[in-house]
Structure formats: C-alpha cells, structure tokens
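I am opening a notebook on a structure that is new to me, and I will write down what I look up, entry by entry.

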Amino acid sequence: MRRVLVVGISGAGKSTLARELERRLGLPFHEMDALHFGGPGWAVSATFAEDTARLAGTDRWIFDSLGYPEVRDLLWERADTIVWLDLPRRVVMRRVLLRSLRRSLLRERLFGGNREKWREWLRSDHPAWWAWSQYGARRAEIARRAGDARFAPLRVVRLRTPRAAAVWLGAQEPRRNGAG
C-alpha cells in the first residue's frame, strides 16, 4: 500500500481513517476538501486540479475522497489501494449530523477559513442533506469504479461496519524507526 484512496459518503469517517493510516504507515495524507476549497465563501482553489495532479504524481500518498470530478479518474488510475468505508446509512447520518452540529456550535474553522453556518443547514449541498440524498448514488459509483477494468489492478478493501474498519486498521503495521 503506497497510494491509498479512502472513499465513502460524507460522514463515513474518511479523514479520520486516512489520518490514522498516515500515522501508522508513514504515508503523506492530503485532505481533498482542504485542497479544493481555497478561500472564503467556499471558493474553489484556482490551482486545485494542478495541485492534486502534482501530489498524485508522487510515489506515496493518501487522499480522503472519491475525488472531485476534475481529478477523479486521475486519482483512481494512480491509486494502488481503495479503502471503501461502506457503512450503513444510519451510522453515516449520525456521524455527519454530530459533526455538523459540533462545527456549527463551535464555529470551527474549516477549509479556506470557512465555517459551517446554521443557515447552510437548509441548503441541499449541506453535508447532512447531501449524505442523505446521495447515499445510494455514491455507493453505486464506488462499486462501479471498484469493478472497472480501467482501474485494475486495484486492491479494494470494503469495510461495511465501524467494527470492521477498526479491525482492519488495527492490522495495519505501524511504521518503525521512521521507515515508510
């Protein structure tokens, strides 16, 4: 495992798992939303595609996303491992709601200095609404890509419960003495 794409719907725990893999395996982690949202008002970074391509062109990395459309194929072609957090909708919704509630209450700074605001909860692109409405479509897209010959040979690790994810993560060898 040298180039890992952690995929799933919003709220599945992609960033959390990716950060732990970074710690255990010594692979550099790149948070996709931090690359994508480069400024206030959720503005998209003008260099997003180029920055992502540069990072994906290296030999070792972890990204926490299916990939925005403009870089999706590139990431899937370069990855050697897909870790798919295919958790039940009830688990995902609990997680995404609690995360958004925490972010809104604590006014946490996010990508590009943005914050989740209460009025955004009513928008269809709010993470909670998006996770609910796109759950089935996202699962179907990941399943299709995981079986697509264009992206072979890919190792696909499909984790269907939080317990399965914890067990799999626990089996990953921590790096030793700074070796990657």
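Is phenylalanine 48 buried or exposed? I note at the outset that the model is a predicted one, and in it phenylalanine 48 has a relative accessible area of 1%, under the 20% cut-off, so I enter it as buried.

**Entry on the aromatic pairs**

I looked up the ring pairs next and found that the structure holds four of them. In one of these, the rings of phenylalanine 48 and tyrosine 68 have their centres 5.6 Å apart and their planes at 90°; since planes over 60 degrees apart count as edge-to-face, I put the pair in that class. The two partners come from distant parts of the chain, 20 residues apart, with phenylalanine 48 in helix α3 (residues 48-56) and tyrosine 68 in the loop between β5 (61-63) and α4 (72-78).

I then turned to tryptophan 76 and phenylalanine 151, whose ring centres are 5.7 Å apart and whose planes meet at 55°, so I list this pair as tilted. It too links distant parts of the chain, 75 residues apart, because tryptophan 76 lies in helix α4 whereas phenylalanine 151 lies in the loop between α6 and β7 (155-159). Both partners are buried: tryptophan 76 has a relative accessible area of 0%, and phenylalanine 151 has 3%.

I also noted a cluster, in which ring pairs link Phe37, Phe48 and Tyr68.

**Entry on arginines over rings**

Which arginine lies over the face of tryptophan 76? I found arginine 145 there, at 5.6 Å from the ring centre. I recorded a second arrangement of this kind, in which arginine 89 lies over the face of tryptophan 132, at 4.3 Å from the ring centre.

**Entry on helix α5**

I checked the length of helix α5, which runs over residues 89-106: at 1.5 Å a residue its 18 residues should span 26 Å, and the C-alpha atoms at its ends are 25 Å apart, which agrees. Its buried residues are Val91, Val92, Met93, Val96, Ser100, Arg103 and Ser104, and I see that they pack against α6 (127-146) and α7 (162-170). After the helix comes arginine 107, whose phi is positive, near 50°.

Within α5 I looked more carefully at arginine 103, which has a relative accessible area of 12% and therefore counts as buried. Leaving aside neighbours within four places in sequence, I find arginine 103 in contact with Glu108, Leu110, Phe111 and Glu116.

Notes: Residues are numbered from 1 along each chain as its sequence is written. This is a predicted model: local features need pLDDT of at least 70, side-chain atom pairs count only at pLDDT 80 or more; totals for chains, interfaces and linings use all residues. Side-chain values use heavy atoms; hydrogens and water are left out. Helices (H or I, at least four residues) and strands (E, at least two) are DSSP runs, numbered from the N terminus. The expected span of a helix is 1.5 Å times one less than its number of residues. Buried means under 20% relative accessible area, exposed over 50%, partly exposed in between (1.4 Å probe, protein chains only). Contact means heavy atoms within 4.5 Å. Rings of Phe, Tyr and Trp (its six-membered ring) pair if their centres lie within 6.5 Å; planes under 30 degrees apart count as stacked, over 60 as edge-to-face and the rest as tilted. A charge sits over a ring if NZ of Lys or CZ of Arg is within 6 Å of the ring centre and within 35 degrees of the ring normal.
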